[in-house]
Structures are given as C-alpha cells and as structure tokens.
Amino acid sequence: MLALTDLGQRLRQERESKGLSLEDLQKLTKIQKRYLLGIEEGNYEVMPGKFYVRAFIKQYCEAIGLDTDAIFEEYKSDIPSTQTEDMPQQLSRVRSRKEIPQHTKGVSKAYDYLPTVLVVAGVVVVGIIIWVIAQNIVSDKNKEQANQEAPKSEVQQSNTQEETNETTAKNDNSKSEDEQSAADKKEQEKEKAAKEKAAKEKAAKEKAEKEKAKKEKAEKEKKDSGKQEYKEVQKTGRSATYALSGTDAFNLEVTSTQADTWLDVKNGKGNAFFSSILKKGETKEFDLTKETEARVNIGYSPGVELKVNGKAVDLPFDSSKQVRQVVTIQYQPAEAQ
C-alpha cells in the first residue's frame with residue numbers, strides 16, 4: 001500500500017469521522033472505489049487523466065462536507081494542475097516616427113521662405129508629438145485591457161474545461177455503475193436459480209425416500225401379516241387381552257369414522273403415547289415394535305377401527321352394547337420366539 005499524502009490522510013480521516021466506508025462514498029459520488037482509494041493514497045496514476053483527479057477530489061470533498069476551494073488552496077502542492085496553456089504573449093507596441101525630408105536644392109530661394117518654412121515645420125513637429133503621445137496612451141490602454149481579459153478568459157476556459165471533465169467523469173462512472181449493477185443482477189439471478197434447483201432436487205429426493213420407506217413398510221407388513229397371529233387371551237367386563245406373535249413389527253392404527261371419541265394409548269409401564277380426543281375422520285398411527293404390551297382405551301367405540309400391522313382386527317365387544325372398550329395387546333417378536 002502507498003504512503004498517504006497529507007491531502008489523502010485529511011480526506012480519509014474526515015470520511016472515517018463521518019462513519020463512511022469507501023463503498024458508502026462510492027454510492028454517494030458514483031466514483032469507482034479504486035479511484036477513491038487512489039485519491040487517499042495519492043496514487044493519481046490510476047486516474048484516466050489529470051483533469052479527472054481534480055474533478056474526483058472536488059466530488060470527494062463535497063460528499064464529506066469539506067470546502068473545496070479551501071482544500072484546493074491548502075493542498076495545491078498535492079493536486080496536479082490541469083492548466084497547460086501559456087499566458088498570452090505581451091502585446092508589443094509599434095511606435096511610428098515620421099522623418100522630415102530636407103531639400104538641398106534651391107537654397108537661395110529657400111532663404112526667402114525660411115521664416116514661413118520654420119513656422120510650418122514647428123506646427124508639423126508639434127502635431128507629430130501630440131499624435132505620438134495619443135497613440136502611446138491608446139496603446140497602453142489596449143495593453144492593460146488585454147492583460148486583464150486574457151487571464152479572465154483563460155480562467156473561464158479552464159473552468160469550462162474542468163466542468164466538462166467532471167461531467168464526462170460522472171457519465172463514465174454512471175455507465176460503470178450500470179454495468180456493475182447489471183452484472184450483480186445477473187449473478188443474483190444465477191444464484192437464485194441454483195438454489196431453486198437444489199431445493200427441488202432435495203424435495204424430490206425426500207419424496208422418493210418417503211415413498212421408498214412407505215413401500216418397504218407396506219411390503220414388510222404384508223409379509224408379516226401372512227404369518228402373524230393375533231388371538232384373544234381373555235375377556236372380562238369391558239376389557240379384553242390379545243396376543244400378537246409371528247411378526248417382527250408392532251404397528252397400531254386407530255381411526256374414528258362416525259364421531260369424536262376419547263382415545264388413550266399406553267404401554268405396559270403406563271407411559272402414554274396419546275391421551276386426547278380423536279376427531280371424526282382422524283387416524284393415529286403408533287409404532288410399538290419396541291414395546292411388549294400396549295393398552296388401548298376407547299371412550300366411544302362405534303365407528304372405531306383398529307389395524308395391527310396394516311391388517312384390520314375386530315373390537316372385542318359389540319359397540320352397540322359396550323360403548324367404552326379397553327383392548328390390551330401383548331406383543332412377542334418372532335425372533336424372540
């Protein structure tokens with residue numbers, strides 16, 4: 001990194017005191033970040049030209065609230081000059097002189113007219129002197145006016161050139177910003193498309209896995225149902241006990257088809273899997289493979305269906321005579337038999 005100039009250090013301190021980053025300043029001035037960094041480091045070689053340096057420094061100062069004229073005056077040794085034209089040449093003055101011809105002939109005749117000639121010559125000389133003085137005065141005034149107007153014209157031309165350069169720089173920066181925005185938008189759209197594709201692939205994968213698991217479960221239940229045995233052990237009051245064997249799975253489904261009913265499902269240790277209202281048309285599934293016993297308490301048995309490993313089993317009592325029924329299922333895995 002280049003050493004900061006006095007001007008660059010002043011600008012950076014002022015920017016940081018206002019809590020602005022180079023990215024924030026780039027948005028305010030529309031000047032590319034690398035040019036702003038070049039100003040702070042005094043690295044004017046990165047600029048498109050000298051007149052851009054002055055234009056960019058002016059925009060930088062205005063963005064952070066500094067007096068541009070004061071900064072240009074205080075740090076004029078750090079800021080390259082864009083003035084390349086020489087001052088106009090001093091206007092030269094041409095002083096005209098008039099020679100009085102002398103006659104060498106007719107001397108004797110001239111003596112007769114000598115007084116008249118002398119008077120006329122004197123008048124002519126005085127007239128010439130007055131004319132020369134008047135010309136000098138006019139020439140001096142023209143010279144002074146030219147000297148005054150020339151710097152003014154040059155300053156106006158310099159200011160006009162600087163404003164033109166600033167406008168060109170802003171247009172170039174705006175064009176660069178538009179190109180950058182278009183590139184960023186294209187990149188964002190590309191990332192969005194990639195995320196949507198990944199999400200679709202993930203959803204499709206999860207769906208395929210669920211379908212596969214469901215299919216495997218159904219096949220296993222079908223396989224187990226062919227050899228599983230579900231038989232009554234005893235009945236008493238409104239309770240009945242069944243033994244489930246010949247299978248390596250114990251999956252229970254309870255469905256209410258006619259009305260809401262109270263349902264309570266616990267294991268042999270009294271731990272509840274479900275204890276609430278089972279609404280009409282609702283089905284609850286329970287994986288009890290790791291349990292040795294399950295107790296199913298049905299508050300309103302009409303319209304309640306039980307399935308064990310996907311196979312429908314009858315309730316122990318006629319629901320028209322025994323509304324509340326308790327079914328206990330004792331499970332012994334096939335591998336343990």
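**Legends to close-up views of a predicted model**

**Figure 1. Overview of the protein.** Of the 337 residues of the protein, 28% count as buried. The structure is a predicted model. The fold comprises 6 helices and 10 strands. Among contacts between residues at least 6 apart in sequence, 67% join residues at least 24 apart. The accessible surface of the protein amounts to about 23,200 Å², and carbon and sulfur atoms account for 49% of this area.

**Figure 2. Helix H1 and its buried side.** Helix H1 spans residues 6-17 and has 12 residues. From its first C-alpha to its last, H1 reaches 17 Å, which is close to the 16 Å expected at 1.5 Å a residue. Five names mark the buried residues of this helix: Leu7, Gly8, Leu11, Arg12 and Arg15. These residues lie on the same side of H1 because they cover an arc of only 125 degrees around the axis. An α-helix has 3.6 residues a turn, so residues three or four places apart point the same way.

**Figure 3. Surroundings of helix H1.** The cover over the buried residues of H1 includes helix H2 (22-29), helix H3 (33-41), helix H4 (50-64) and helix H5 (68-74). The exposed residues Asp6 and Ser17 are carried on the face of H1 that is turned away from its buried side. Just after H1, glycine 19 adopts a positive phi of about 70 degrees.

**Figure 4. A nonpolar patch on the surface.** Val125, Ile129, Ile133 and Ile137 form this patch, and together they have about 330 Å² of accessible area. One of these residues, isoleucine 137, lies in helix H6, which covers residues 107-225. Isoleucine 137 counts as partly exposed because its relative accessibility is 45%, and the partly exposed class runs between the limits of 20% and 50%.

**Figure 5. Lysine 290 in a loop between two strands.** Strand S6 (283-287) and strand S7 (293-298) are joined by the loop in which lysine 290 is found. With a relative accessibility of 82%, lysine 290 counts as exposed, since that class requires over 50%. Aspartate 248 stands 42 residues apart from lysine 290 along the chain, and the C-alpha atoms of these two residues are separated by 9.8 Å.

Key:
Residues numbered from 1 in each chain as written. Predicted model: local features only at pLDDT ≥ 70, side-chain atom pairs only at ≥ 80, totals over all residues. Heavy atoms only, no water. Patch = residues over 30% accessible without salt bridge, like charges linked within 9 Å, V, L, I, M, F, W, Y side chains within 5 Å. Areas by Shrake-Rupley, 256 points an atom, 1.4 Å probe, with all protein chains shown as cover. Salt bridge = Lys/Arg side-chain N within 4 Å of Asp/Glu carboxyl O. Helix = DSSP H or I, 4+ residues; strand = E, 2+ residues; numbered from the N terminus. Buried < 20%, exposed > 50% of the residue type's maximum accessible area, 1.4 Å probe, protein only. Expected span 1.5 Å × (residues − 1). Arc of directions from axis to C-beta. Contact = heavy atoms within 4.5 Å.
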